[in-house]
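Notebook open, coffee ready. I want to look up a few things in this structure and jot down what turns up.

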Amino acid sequence: MVEYAQEAVKKGSTAVGIRGKDIVVLGVEKKSVAKLQEERTVRKICTLDDHVCMAFAGLTADARIVINRARVECQSHRLTVEDPVTVEYITRHIATLKQRYTQSNGRRPFGISALIVGFDCDGTPRLYQTDPSGTYHAWKANAIGRSAKTVREFLEKNYTDEAIATDNESIKLAIKALLEVVQSGGKNIELAVIRRNQPLKLLESKEIETLVTEIEKEKEDEAEKKKQKKST
Amino acid sequence: MALASVLQSESVDFSNYGRQRHGFASGLYEAELGLESVGGDRLSFALSTSCSNEDGPDRKIEFLHGTTTLAFKFQHGVIVAVDSRATAGSYIASQTVKKVIEINPYLLGTMAGGAADCSFWERLLARQCRVYELRNKERISVAAASKLLANMVYQYKGMGLSMGTMVCGWDKTGPGLYYVDSEGNRVCGDLFAVGSGSMYAYGIVDSGLKQKDLTVEEACDLGRRAIYQATYRDAYSGGQVNLYHVHSEGWTRVSQSDVLMLHQQYQAEKA
């Protein structure tokens with residue numbers, strides 16, 4: 001049964017997560033909207049608490065339930081322990097929830113994989129990924145959904161200490177990763193960042209466009225340099 | 001605390017408590033019931049007696065509200081000082097009761113009220129704290145531990161639990177001190193004294209804490225002195241003074257001093 005859920009995840013739109021030094025970035029592929037449909041009613045990046053947020057790939061309806069439970073748990077934790085959740089704690093909670101549904105009667109597993117990002121109380125940035133079977137791992141950078149493999153390969157090649165040296169660079173890395181698989185460029189990318197001690201910030205499409213043009217320019221410059229090297 | 005006005009009607013029943021215990025000298029009731037009205041009808045730190053035991057004249061369960069326990073925060077952690085006398089009416093049941101419960105190497109709980117209630121729930125708390133530590137790979141905070149205890153006993157509110165404890169420890173936010181009781185109170189503070197001798201203890205500690213920066217030695221002496229003075233005046237406190245110091249590495253058992261020895265020592269100092 002878990003395999004079907006994992007298949008559902010593979011059909012979902014791509015999401016990528018990057019853990020920088022002072023910033024964590026989540027990027028998702030925005031599905032093209034029908035003409036009559038209002039934009040922005042489908043949000044794939046959601047806050048779980050002031051300092052934690054997540055993106056998912058897979059069945060949106062299932063995700064809604066998981067997100068709701070996670071939000072409640074974040075507040076319950078604040079009530080009983082008088083401290084905000086750590087990213088690991090809430091990931092563990094979500095993963096345990098998912099696992100429970102793989103082992104009980106009459107229920108089917110949640111058809112989503114989640115990327116959970118945030119900062120712990122001590123200021124460390126974290127990125128975790130969960131899958132329908134209920135396992136979770138910490139990552140420096142990861143991608144889920146359709147074409148996750150391509151994006152992950154890109155990240156494996158390009159995630160270096162330089163690439164995440166500044167906040168801006170980390171954001172650009174996320175965009176670059178998504179551009180590999182997304183069709184028409186900046187318009188189909190939704191990006192969100194959390195900086196230490198600041199709440200989630202969704203980047204506006206203008207900002208994304210600017211960054212995309214910057215990236216394309218950098219690419220051209222790179223290509224130019226290579227050409228010059230070859231000719232000399 | 002609007003709830004107190006609702007509870008007032010319940011606490012009136014405590015006057016019936018006297019009638020049940022007619023096995024003991026009746027003259028003492030007034031003295032015992034006097035314990036309840038500390039600090040008005042609101043948060044009474046002197047533990048109010050619970051009328052759960054309809055056992056009739058032969059009350060075998062010892063309640064430790066005839067006691068003095070105190071804890072205060074200072075620059076280098078928390079000092080916890082307790083006496084060791086248990087009384088059943090005018091009968092001194094024991095002079096060597098351990099009123100400090102070692103929850104784990106960095107958390108302490110004091111005991112006032114029902115000895116069984118205190119030790120049982122604090123052992124349960126120790127178990128919860130350990131599970132938390134294993135699951136989350138870090139020590140539990142004093143706030144969380146006291147919250148767990150408070151929530152556990154709150155479920156039994158009104159069913160006759162009698163427990164007034166101070167949860168003391170050191171966590172990543174520094175020294176922590178919480179007062180938790182079976183009524184559902186959970187209060188954070190810098191200084192608490194619980195029991196029939198608490199007023200005498202407060203007097204000593206309040207005057208001693210005027211200077212802000214106490215050394216460990218001075219703070220221990222203050223705690224010891226406060227319990228001694230309480231045992232001097234309060235008939236229901238006595239025995240030995242058990243002193244603990246909670247610091248960043250955990251708690252240490254500083255001393256166990258017989259009150260009579262302390263009396264001679266202080267008398268000699270006066271001369």
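**Rings in chain B**

I started with two aromatic residues and found that Y179(B) and F192(B) are both buried. Note to self: this is a predicted model.

Next I looked up how their rings sit. The centres are 5.8 Å apart and the planes are at 35°. Tilted is the label for planes that are neither under 30 degrees nor over 60 degrees apart, so this pair is tilted. I also checked where the two residues come from: Y179(B) is in strand β8 and F192(B) is in strand β10, 13 residues apart.

Then I went to Y244(B) and W251(B), which make an edge-to-face pair with 5.6 Å between centres and 65° between planes. Buried or partly exposed, I wondered about W251(B)? It counts as partly exposed, at 22% relative accessibility, while Y244(B) is buried at 1%.

I noted a cluster too: ring pairs link F120(B), W121(B) and Y156(B). Searching the whole structure, over all chains, gives nine aromatic pairs.

**Over to chain A**

Which strands make up the open sheet here? I wrote down five, in the order β3-β4-β5-β6-β7, with antiparallel pairing. β3 and β7 are the edge strands, each pairing on one side only. From one strand to the next, the twist averages 25°.

I zoomed in on β5(A) and β6(A), which are joined by six bridges. There, A114(A) has T130(A) in β6(A) as its bridge partner.

Last, I looked for charges over rings. K44(A) lies over the face of F56(A), 5.2 Å from the ring centre, and R107(A) lies over the face of Y101(A), at 4.3 Å.

Key: Residues are numbered from 1 along each chain as its sequence is written. Chains are lettered from A and ligands numbered from 1 in the order in which they are written. This is a predicted model: local features need pLDDT of at least 70, side-chain atom pairs count only at pLDDT 80 or more; totals for chains, interfaces and linings use all residues. Side-chain values use heavy atoms; hydrogens and water are left out. Two strands pair if DSSP finds at least two bridges between them. Helices (H or I, at least four residues) and strands (E, at least two) are DSSP runs, numbered from the N terminus. Axes are lines fitted to C-alpha atoms, for helices over the stretch in contact, and angles run from 0 to 180 degrees between N-to-C directions. Rings of Phe, Tyr and Trp (its six-membered ring) pair if their centres lie within 6.5 Å; planes under 30 degrees apart count as stacked, over 60 as edge-to-face and the rest as tilted. Buried means under 20% relative accessible area, exposed over 50%, partly exposed in between (1.4 Å probe, protein chains only). A charge sits over a ring if NZ of Lys or CZ of Arg is within 6 Å of the ring centre and within 35 degrees of the ring normal.
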